[in-house]
2 protein chains.
Amino acid sequence: MPGEFDFISWVRSQQRASDLVQLAAGDDLAILNWKPDDLLLVGTDQVLDGVHFDSSVHSPRQIGRKAMNRNLSDCAAMACLPAAAVATVALPLGTAMEYAKELYLGMKEAADKFDCPIVGGDTASWSGKLAVSVSILGRSASVTPVTRKGARPGDTIYVTGALGGSRLGRHMSFSPRVREAYALAKTGHVTSMIDISDGLSRDLRHICDESGVGAAIASVGIPVHADAVQMSRDGHTALEHALHDGEDHELLFTWACGTHVHPRNMSFPDSDQPPTRVSRIGVITAGRDVIIEHDGKYTPLEPRGWEHTF
Amino acid sequence: MPGEFDFISWVRSQQRASDLVQLAAGDDLAILNWKPDDLLLVGTDQVLDGVHFDSSVHSPRQIGRKAMNRNLSDCAAMACLPAAAVATVALPLGTAMEYAKELYLGMKEAADKFDCPIVGGDTASWSGKLAVSVSILGRSASVTPVTRKGARPGDTIYVTGALGGSRLGRHMSFSPRVREAYALAKTGHVTSMIDISDGLSRDLRHICDESGVGAAIASVGIPVHADAVQMSRDGHTALEHALHDGEDHELLFTWACGTHVHPRNMSFPDSDQPPTRVSRIGVITAGRDVIIEHDGKYTPLEPRGWEHTF
């Protein structure tokens, strides 16, 4: 049975040279030549069997891809460019080496789209279930990172793509909006941003809480995904799915009030995907309430998105 | 039942200001002002229930400490200084918030010893067992990082501390040799280094393989830990335990041939621990064999340390 060191050798054979990477995976740590002008952004996200994926349904390639894409989407949320990633993988005892390679290739496939080398990792097997944890480094690349804090009353609220029903499959296959976020932030007009992982209602609340503002959105502006319509058979409306479902990984951002450029008219030519739609969904308000207008009726928008409970 | 966001709020309340950290945990990523002169080192290591700890025996404080200390020890192995860490925690369903806090405090306690802020993380609960993954950033701090590659024939081989029997408890409570490694490398005489996690026989082989050299060590020079003596009741000698047991997390390094300074005479005044012993165990040789002299007999030293098998 092949062991950890065979796997490490194989991973090393997969690595590419890069300006940034002075020493790639294989030693105790990788060494990077960080560019002096770049702010360094860092974070981490895990995917767990039975929570973020189902190993009896999803392929290791898909699972690896999702683990990496969640982290790439965090880079998008901050409007930085992915620079390097590391990963740990906890494999159920008896997992074939081929499965571990597929997991790695899934991560690599996702990261390669943004020239983000995987520079380190740790693989172990245990009597537990599959868990993959990725940490990512991003670089500011001459664009000031966008946080959740900068929304001001009067700013317009936008989302990319369409929302809801990601559970039908998109949660495994979404495209992190790295290029879109970077292009948007480069204009200097984005005042706050987040990626929608917990659901629009909750992530909008995160922006409002951090910025000390409120928001008013209109249901008519919410881009409802066809998957949300399909899921509405479960008793919740398609709009409810668009408002509260998690793992869309679209961008939710605010755009400076009084700006004459509109993000809806921007195109993102670097993207290898179909053109990314940008929808205006509402406006930032003074005060702290988050309300939604639907059929002429104004009601508080309660955060009902995804929260892990202990 | 308290949820993820309560825990995140609590974690944020634990964070301290620092020159390096422009934006701490709480947004999608943390933002660091990386110093232009510093090379950036990065890596990751996980601890899994039933493999690296036993949650029915070890406290969450101990588990958190070990998860962080393994990563700090990787910084030691490269002779860099820990700069920042991020962590993911997969908690069994129903875990109390207090347990999660203790895990975090264990990580923080270990990291604080080296002024290493924890700047991000992700906590989720699942039907699986406890898994903790930490990623660490190190900075070169004016000392060239030491890899496994630089050993040359004639170099002297040293280890810190005493080896073997860590399974009796030291694998949970070791002190990462960060200050020792940094002070040693600052002399410019350390030609290669690793921390002993897989066992001396295997980690010495890593250095020889990477450097393209061989080694000759003498059993009389191996610092055998009292725990190795105690474990020798299992049929393996104390020396065998010192040679092959994993998770000592002591430094194994080579020292340039012909140097008139001896690392044995160095002291490490910053350490909050008893003086760290440094022992000469052998010499790097041309060729590729790793041999051990014991009672006047020379035999090949087979790597028999810890290897995870799939």
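**View 1. Chain A superposes on chain B in this predicted model.** The operation is a rotation of 180 degrees with 0.0 Å of shift along its axis. The RMSD is 0.0 Å. This is therefore the relation of a two-fold axis. Both copies use the same surface: 99% of the contact residues of chain A recur in chain B.

**View 2. A:Pro36 at the rotation axis.** Among the residues of chain A, A:Pro36 comes closest to the axis. Its C-alpha lies at 2.2 Å.

**View 3. The contact between chain A and chain B.** Chain A contributes 80 residues and chain B contributes 79 residues. About 6,400 Å² is buried between the two chains. Carbon and sulfur atoms give 63% of that area.

**View 4. Salt bridges and polar contacts between the chains.** There are 6 salt bridges between chain A and chain B. B:Arg12 forms a salt bridge with A:Glu210. The closest N and O atoms of the B:Arg12 and A:Glu210 pair are 2.9 Å apart. Residue pairs in polar contact between the chains number 22, counting pairs with both residues at pLDDT 80 or more. On the side of chain A that touches chain B, 40 residues are nonpolar, 23 polar and 17 charged.

**View 5. The largest nonpolar core.** This core has 56 residues. A:Met68, A:Val132 and A:Phe253 have the most contacts inside it. A second, separate core has 55 residues. It includes A:Ile31 from chain A, together with B:Leu103, B:Leu130 and B:Val278 from chain B.

**View 6. The surroundings of A:Phe253.** Leaving aside residues up to four places away in sequence, A:Phe253 touches A:Thr156, A:Ile157, A:Tyr158 and A:Thr160. A:Phe253 also touches A:Leu184, A:Val190, A:Ser192 and A:Met193. A:Pro263 and A:Val278 complete the list.

Terms used. Residues are numbered from 1 along each chain as its sequence is written. Chains are lettered from A and ligands numbered from 1 in the order in which they are written. This is a predicted model: local features need pLDDT of at least 70, side-chain atom pairs count only at pLDDT 80 or more; totals for chains, interfaces and linings use all residues. Side-chain values use heavy atoms; hydrogens and water are left out. A nonpolar core is a set of buried Ala, Val, Leu, Ile, Met, Phe, Trp, Tyr and Cys residues joined through side-chain atoms within 4.5 Å. Buried means under 20% relative accessible area, exposed over 50%, partly exposed in between (1.4 Å probe, protein chains only). Contact means heavy atoms within 4.5 Å. Buried area is the accessible area (1.4 Å probe) that two parts lose on being put together, summed over both. A salt bridge is a side-chain nitrogen of Lys or Arg within 4 Å of a carboxyl oxygen of Asp or Glu. A polar contact is a pair of N or O atoms within 3.5 Å; within protein, one must be able to donate a hydrogen and the other to accept it, and residues adjacent in sequence count only if both atoms are side-chain atoms. Ala, Val, Leu, Ile, Met, Phe, Trp, Tyr, Cys and Pro count as nonpolar, Asp, Glu, Lys and Arg as charged, and the others, Gly among them, as polar. Copies are superposed by least squares on the C-alpha atoms of residues with pLDDT of at least 70 in both.
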